[in-house]
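Reader: I am new to this structure and would like to understand the reasons behind the terms used for it. Could we take them one at a time?

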Amino acid sequence: MNPPAVPETGNLPASLRDPSTLFFQYDSVRRSIIAAYWVAILLATPLWWYTTSIERLPLPISQASQEISRPLQLPVNVCLQESKPIFAPLLQVSLDRFTSSRILEGVQIHITGSAKCETTSSGNSYIVKPGQTKLISGRALEFPMRDARSVEDLTSTLVNLIVPHLAHNDKSNRAVQFASRYRLAFSLLNEDASSGSGVMGWNVEHALTRYITPILDRVSHLHNFTIESQVQFHAPLAFDVQRLGNGEHSLSYEDLTVFVNSAEWTLSSSFSNEPVIHLVAFVPSSDHSPLRILEADGTISNSNAFILPQWGGIVLYNPSEGETSKQLSSRGFQDVFGSFANQLLSLLGVPNLPAEIQRDPRDRNTISDWQLDALLRRRTLEAVAGTKETLGSFIKLVDQIDNMPIGPSVRDDVQVALSSLNKVYDLASTSLFQTFTSSASAFDSSSRAFFNPGMLALLYFPAEHKYAVYTPLFATSMIPLAIAALREFKIWKQQRKQTNNG
Amino acid sequence: MVLLPRLYLALIVLGASIPCRAGLSEYFNEKLTLTPLRDGKVASTFSFSTLLKGGSPRDPSQLGEDDESQHYTLFPLGLGQILREYGVAELHLSLNAGKWNYDRWGYPLEPGVGTGAELWAWLGDGGVRSVDDRWKGLRSALAGLFCSSLSRLDEHRTTSPAETFKPEGSLPETSHHQLRHASLPSENVCTENLTPFLKLLPCKGLSGIATLLNPHKLFDANWHGLGVHVLWHKDEGVEVRLTFQGIFDPLRSAYVRKQDWSFESLFARKIEKACPVANSSEILVTLPQTGEYSISPEPTSIRNSMAVYDTKLVQKPLNLAMSWPHDFDHLAASSTREPLTSLSLQRTLRESSQLDGHLTVSLTNHKDTSTDVLYLETMPWIVQFYLHTLVATVEGRVKVDAVSNISYIPAIPHSRPTTFQAVLSIPPNSTLQLTMDVSKAFLRYTEHPPDAQRGWDLPPAIIMPLDDKLNSPRLYTPNILVDLATPDFSMPYNVIIFTCTVISFIFGSIFNLMTRKFVIVQMDPKESK
């Protein structure tokens, strides 16, 4: 056995080769391998960024905050017909007092005095004529103007007619939220038809044509309606009815709040998202008949109907002793549908006329022009306020939550809402109806943007979550890459120094 | 007091004969059929039918427009709205629990007895909304109405086997109609489905025959199921039939010797009062052909060896009871083995591994003549057929001509189910066995159900005899369970982190090897010694 040949410094035995002469040990090859990795990473980063980032389209935030802070004034022109301008300036002063006390927020009433007022059909202009009684016909008001004191009277009458909801400071919120389409669900509920005192059917179509359709036709510019009706023969109450001394039965105010037994009554199916106005006729069982409503002081109320705010109306119908027919009698129709009509009016937000005002007998509409204009004004103001509030909250929300995606549909909805809102301000002085349509569309678009389900898409998968899953892979792989690059860079710098020195 | 119900009847008959209302007239009929079975059990079938006279399904071409107002007196509004909204011409929904034993119980009065949920509907084509879009909406709406997971009857389970599910009523001729069918065998029926079901009845569960629908007893029955059927009869109108079937066992307790039953023992309720709006309200009891028995109270009439009770006329409260003088003879009942139906069905899935299985369907013909049946499998894509391995054997011998008229729509993974349909001819008094290899899918992580280890219920196969010319009943095989490869769901993060560590370790080693610089290290030979 020969000892192994010891190579001299720099010389290798023939069987071995200098590693630096191997092609994959060339500096350039090694460096290009490292560089290739880094190029791949750098090229992939934008792709990764693009595929994992949330789509957040820019929103017109400055325009929105500008529109939100802009106040809306619906101008109303009242032409006072008088031979000499005596009362008109007084009336204007008297009305301005209301404006300054902020009762008439959002509405501005201009008074002009003229010998001959032009009749108009626009919802912005009204005529006040001298007359014997307080009487309205069309958009004109006849008012007995006698002296300066009647100016005060006229002022309050005008405020009551033009903006009744502001004048009465109506906080009860009886009217349902605005929607372009409502479902009217008429239900005839028998508490227990098998007990012998039930109403087995009703000719609802006839009653609807007579009592309800005139109202619906009148407000058809504001809302569309889907009508449905049903009869139930067993609709038990969820509480016990009190028995009074005289054999009658009663419901207290507390009972009325829990009257609707939603567990047992299927009043309307929930397959559509349209808001429902329920109008319910309730026939108590023979054990609970007659059923009355008690006033707060314990006396029996004259009325047998009540409204559940924003939900609907209920009429208690006690069939009289002599009624043998199993169908709803004509008296029943009058009772039930007369009340339904009134309940529907107040649920839709149609204001009542002030008590002292008479209607022109030639005017056969159920809702006068004054009431309809007041309703439009109220809905416009509500819709604009609602839009502003929704947009404000929306922008705040988007600002606070960075992970919330904003897709093109949301952005478009916001833009439509803003442009509709802008149109409301522009149209306010020309046409009340068009102002209302724009405000409704602004409200619709802003709510649609706010409730867009796409905004929740990535909310539950925050970026932290993703990093937690992928860090074990990426961090551990990046370390050798980074170290190799650093080392190579050092060697390259050293080599350069040597060549410079050498 | 006795006169009052008569007066009622007279009034209702009067109301029915003179249409005094402007709208469509509506009729409500309720019926309960009780049949003592030869194994001592009692089959009960409730049927509540409401006819909307003159009504017709909505024309699909008008679906985009506003619908006319809907005014109903007896017809269920909640269901009526759904039918109008999606333009449904015919609809059948059944929710069942248990296996229907055809051999011992015979043909059910309502044929839809497949385990779990089954929904099929005929929808008119044309108009703005496509059939599939409306089918999807219909599923969701019914799911909401009946509080069940019908929305899971998605396109993964929807097929269109129009030969087996022919319309039971008529279809409007104005448009072409399409069938959509889906079944979900893992869906259970329970009291939350019965509550909305009862609300669709005019008298709810508070008067008339529906009083007997007591969930505590119904869902304790050996077999129970509810059904909703909407049909259109061309000359009559739209009919909604709500049904409930149950197989009760009066002999369940070991201490009970007699097969006696009563309303009180079966339903723990009596009929206290009649439904005031029912046009007819009948209870039919099938009377046994042999042996002694007594039935109380006295029936109103006897029709085709069935005792008929009119709930309006009989004394209330009504607690119908049947009793036998002698103890029930279990031995005699089990020795009469002859099945009640002319066909017996069996279907099994043998699973040798996590990837493959072997499907076997056995059909026994008890008749003396050979019979042709239509065999339908609507299998979700998780089980796929190897059709070339299909072998038909009769009593152990391969019979090539037993299977004919095969129609096969293969599954598409992650979307479409298989529809396999064939005509099988079974020789007299023999058993036909069909065998086929199947492959089982490997599911994505998110496709597993919450209780993944339980396996997947496969929908029942449906057999329809072809020789009976008139309205042959569909037979459902019991459903089977398939076990798919399931991952360990308990520690996904541990798995992710472990996998990442292994990958980065391998990556680091290879990368190091590629970029390592090899140098020659001089070693002094003297030193190394």
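The conversation below turns to strands, then to the contact between chains, and then to an annotation.

Author: Please keep in mind throughout that this is a predicted model.

Reader: What makes strand 18 and strand 19 of chain B a pair?

Author: Two strands count as paired if there are at least two bridges between them, and strand 18 (residues 383-394) and strand 19 of chain B are joined in the antiparallel sense over two bridges, so the pair meets that cut-off. Within this pair, B:Val394 stands opposite B:Arg397 of strand 19.

Reader: How do you know that strand 22 of chain B pairs with strand 16 and with strand 18 of chain B?

Author: The same kind of count answers this. Strand 16 (residues 356-365) and strand 22 (residues 431-440) of chain B run antiparallel and are joined by nine bridges, while eight bridges join strand 18 of chain B to strand 22, again antiparallel. The cut-off is at least two bridges, and therefore both count as pairs. As examples of partners in strand 22 of chain B, B:Thr364 is bridged to B:Thr431, and B:Phe385 is bridged to B:Val438.

Reader: Why are strand 15 and strand 19 of chain B called edge strands?

Author: The sheet is an open one of five strands in chain B, in the order 15-16-22-18-19, with antiparallel pairing. Strand 15 (343-350) and strand 19 (397-398) of chain B each pair on one side only, and that is what the name edge strand expresses here.

Reader: What makes strand 7 of chain A and strand 3 of chain B a pair?

Author: Strand 7 (residues 224-232) of chain A and strand 3 of chain B have two bridges between them, in the parallel sense, and because at least two are required, they count as paired. One of the partners is B:His71 in strand 3 of chain B, bridged to A:Ser229.

Reader: How many residues of the two chains are in contact, and what makes them count?

Author: 47 residues of chain B are in contact with 38 residues of chain A, where contact requires C-beta atoms within 7 Å. Helix 9 (492-515) is among the elements of chain B that give two or more residues to this side, and helix 9 of chain B gives the most, with 12 residues. The residues on this side of chain B divide into 25 nonpolar, 16 polar and six charged.

Reader: Which residues of chain A are annotated "transmembrane region"?

Author: The unreviewed UniProt entry gives that annotation to residues 33-51 and 467-486 of chain A. In the model, residues 33-51 of chain A are 100% helix and 0% strand, with end C-alpha atoms 27 Å apart; residues 467-486 of chain A are likewise 100% helix and 0% strand, with end C-alpha atoms 25 Å apart.

Notes:
Residues numbered from 1 in each chain as written. Chains lettered and ligands numbered in written order. Predicted model: local features only at pLDDT ≥ 70, side-chain atom pairs only at ≥ 80, totals over all residues. Helix = DSSP H or I, 4+ residues; strand = E, 2+ residues; numbered from the N terminus. Nonpolar A, V, L, I, M, F, W, Y, C, P; charged D, E, K, R; others polar. UniProt positions renumbered as here; feature names shortened; annotations may be inferred.
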